[in-house]
Amino acid sequence: MKKIPMFINGEWVHADEERLIDVTNPSTGEVLAQISNANETHVNEAIHAARVAFESEEWRRVKAHERGQLLIELAQYIRNHADEWSLLECLDVGKPLSQARADIESAARYFEFYGGAADKVMGDTIPIEDGILNAVVLEPVGITVHIVPWNYPIQITARSVAAAIATGNAVIVKSAEDTPLTTHAISKWFADKVPAGIFQHITGLGNKVGSLLTSHPDINHITFTGSVSTGKAVMKAAAENVVPVTLELGGKSPNIVFADAPMEQALEGVLRAIIQNAGQTCSAGARLLIEESAKETFLAQLEERFKALKVGPGEADLDMGPLLNERQFLKISSRLQQAKDEGIVVVGGETVIIEGYENGYYIQPTILAGIDEHHVLAQEEIFGPVLTVFTFETVEQAIALANSTQYGLVAGIWSKDLDTAHYVASRVQAGQVFINNYGAAGGIQMPFGGYKKSGIGREKGFVALRNYTQMKNIAIRYALPNRT
Ligand code: NAD
C-alpha cells in the first residue's frame, strides 16, 4: 500500500504503522493510499521549523519578485502535469475528470495570479509635516496555517497558499484526511524550491491535528475552509491566542429565477450549480426560487434535464460522480429517506448502484418541492446534489426567501429586467452575486467569502493579500537645513 508522507522541516515524515489513515477512491470504494495521522510532536516540529525559516536571513533576502517568479514557475509546472494531476484529483475526490481538470487549471491560475501580485503589494505614505516621512509598510504576518476541506483540495490549497507565499510567509497546510493527494504533489515541488520550513504539509484527523495546529500559540494567522461548526471551534481556539482568522464556511445559496429570465441560460445555470462535484460545493445553488407564473414550464424542463443526467465513476467523466465517502453517503441517504417519507421528492431521491462500481457512493440528482423555508431541508447545507424549490410572487418575497437561511455565500439572479436584477442584488445577503450567470468562470480575481455564517473575510483577488500581511507605520524625522 502506498504511504503518503508528510513534509515537515524539509523532510519526508511518516507516522508509525498504528497512526495510518486510509484514503479511499469514492468511485470504487477501494483504498488508494494511506496517510499519517500526525501527533503533537509533528505539529510542534512543523511550527518550530516554520518560525526558524520565517525569521531566517535566507528567506528575508528572497526578493518579492523572486517569490512571485517561483509561484509562476509552479503554475507552469502544474499545467505541464495537468493530465497526471487531474487524474489524481479525480481518483481522490471522485469528481468527473473534466471537473478535476478545471480544478487543476484554477490552481495554476491562483499561483500565476498571486505570483504576478507578489511585487505589487504596496504600502502608503501619509503627509504629517515638513521633516517627517511617514511610511505605512505591509509586512508578512509570519506563520500561516491553512486548513483545507476535502471537496476542492488543490484549488483551496492553492488559493490561500499562493497569497501567503507571495507576501513572504511560512505556510503550514493541513489537507483534509480524505483528499491529501494533490497537496502532496505540490509539496514535492516546493521541496526543492524554498528553504526548509517555508512550505510544510501535515496530514491527519481534523479534531486532533487540526486542533493542535489552530490552538498553537506560535502561529500568526489561520485560513480555515470548512463547515460552520468546525469554523466556530477554530475561531475559539484562535481567540485564546489572539490570532486572526479567515473563515470560508458553508452555504445554502439561492438561484432566483424571474419569469422574464433568459430561460435556456437559467435552466443550464440552475442545473450545473447543483450537480457540480455532486453538489459538494460550498457555493452550490442549493435552492431554486422561481416566480410562480413561470414555475410549471421551468420545473417541467428542469425535471427532464435532471432525469437525463448520467451518474458514474469520476474517470468516466459523466455529468456527476459519487459522493465522497460512506459518511456523506449515509448522511444524505437519510435526508433522502426523510424527503420520501414526507412525499416531497419531485425527481430522484434514490441511491444508485453502478455495475462494476458497486462499492462507490452514488445517488440520483434530486429535486424536492412543497416545503416552506423553515423546514430543515430548506435550512441545512445538505452538501449533495439535492435542489429544493420554492416559489414567489413578488420581488420582496423573493428577497425574503433568498435571505431566509443562516448562510450568505453566493446568489444567482436570472432576469432580463436589469432594474429588478440590480435591486435584488442590492438586497441579497451574499458575498458574491451573479446576474444571468452562476460562477463567472471561477473568478480567481473576484473577492470571495460569506455574509452571515458563511464566513469572515475574503479570499481570492488582490484583497486576499491583506490576510497575509500586517501593517506597520514608520515615522521618520529628518533634519531640515537652517532649522533648529
Ligand atoms: P470540516 O469542517 O469537517 O473539515 C474541514 C477541515 O477542517 C478538514 O481538513 C478537517 O480535518 C479539519 N478539522 C476538523 N475538525 C477540526 C478542528 N477541531 N480544528 C481544526 N481543524 C479541524 O468540513 P469538510 O466536511 O471537510 O468540508 C465541507 C464544508 O466545507 C462544507 O460546509 C462546505 O460548504 C465548506 N466549504 C467552504 C468553502 C468556502 O470557500 N466557503 C469551500 C469548500 C468547502
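The paragraphs below walk through the chain, its two domains, its pockets, its cavities and a few local details.

This is a predicted model, in which local features need pLDDT of at least 70, side-chain atom pairs count only at pLDDT 80 or more, and totals for chains, interfaces and linings use all residues. Residues are numbered from 1 along each chain as its sequence is written, and side-chain values use heavy atoms, with hydrogens and water left out.

Start with the whole chain. It has 15 helices and 23 strands. These are DSSP runs numbered from the N terminus: helices are H or I with at least four residues, strands are E with at least two. The C-alpha trace spans about 80 × 60 × 40 Å along its principal axes. The radius of gyration is 24 Å, which agrees with the value near 23 Å that a compact globule of 484 residues would have. That radius is taken over C-alpha atoms, and the globule rule is 2.2 Å times the number of residues to the power 0.38. Of the 484 residues, 57% are buried. Buried means under 20% relative accessible area, exposed means over 50%, and partly exposed lies in between, with a 1.4 Å probe and protein chains only. Contacts (heavy atoms within 4.5 Å) often reach far along the sequence. Among those between residues at least 6 apart in sequence, 73% join residues at least 24 apart.

Next come the domains. The assignment gives domain 1 (3-249 + 454-472) and domain 2 (254-442). Such bounds come from an automatic or database domain assignment. The two centres, taken over C-alpha atoms, are 31 Å apart. Their contact takes 25 residues from domain 1 and 31 residues from domain 2.

Now the open spaces. On a 1 Å grid over the protein atoms alone, a pocket is an open set of points with protein on both sides within 12 Å along at least five of seven lines. A cavity is a set of points where a 1.4 Å probe fits but cannot get out. Lining residues have an atom within 4 Å of a point. Grid points are joined across faces, edges and corners, and a volume is the space filled by probe spheres set on the points.

The largest pocket holds about 960 Å³ of space. Its lining counts 36 residues, with Trp150, Phe224, Gly226, Ser227 and Thr230 nearest the centre. Four elements give two or more residues each: α8 (206-214), β11 (221-225), α9 (228-240) and α12 (326-342). The largest share, six residues, comes from α9. By class, the lining has 15 nonpolar, 14 polar and seven charged residues. Here Ala, Val, Leu, Ile, Met, Phe, Trp, Tyr, Cys and Pro count as nonpolar, Asp, Glu, Lys and Arg as charged, and the others, Gly among them, as polar. Domain 1 and domain 2 each supply at least three lining residues.

The second largest pocket has about 790 Å³ of space. Of its 34 lining residues, Tyr152, Gln276, Ser283, Gly439 and Gly442 are closest to the centre. At least two residues each come from α5 (97-117), α6 (153-166), α10 (263-275) and β21 (432-435). Helix α5 gives the most, with five. The lining divides into 16 nonpolar, 12 polar and six charged residues. Both domains give residues to the lining, so this pocket lies between them.

There are also two cavities of 30 Å³ or more. The largest cavity holds about 70 Å³. It is lined by 14 residues, and Gly251, Ala284, Ala286, Glu381 and Phe383 are the closest to its centre. Seven of the lining residues are nonpolar, five polar and two charged. The second largest cavity has about 40 Å³. Its lining includes Lys252, Arg287, Tyr407 and Gln429. By class, that lining has six nonpolar, four polar and two charged residues.

Return to α8. Its buried residues are Val209, Gly210, Leu212, Leu213 and Thr214. The elements covering them include α1 (40-55), β8 (143-147), β9 (170-174), β10 (199-202), β11 and α9.

Finally, look just past α9. Asparagine 241 sits in the loop between α9 and β12 (245-248). Its relative accessibility is 25%, so it counts as partly exposed. Beyond its neighbours within four places in sequence, asparagine 241 is in contact with Ser215, His216 and Pro217. Leucine 336 is 95 residues away along the chain, and the C-alpha atoms of asparagine 241 and leucine 336 are separated by 42 Å.
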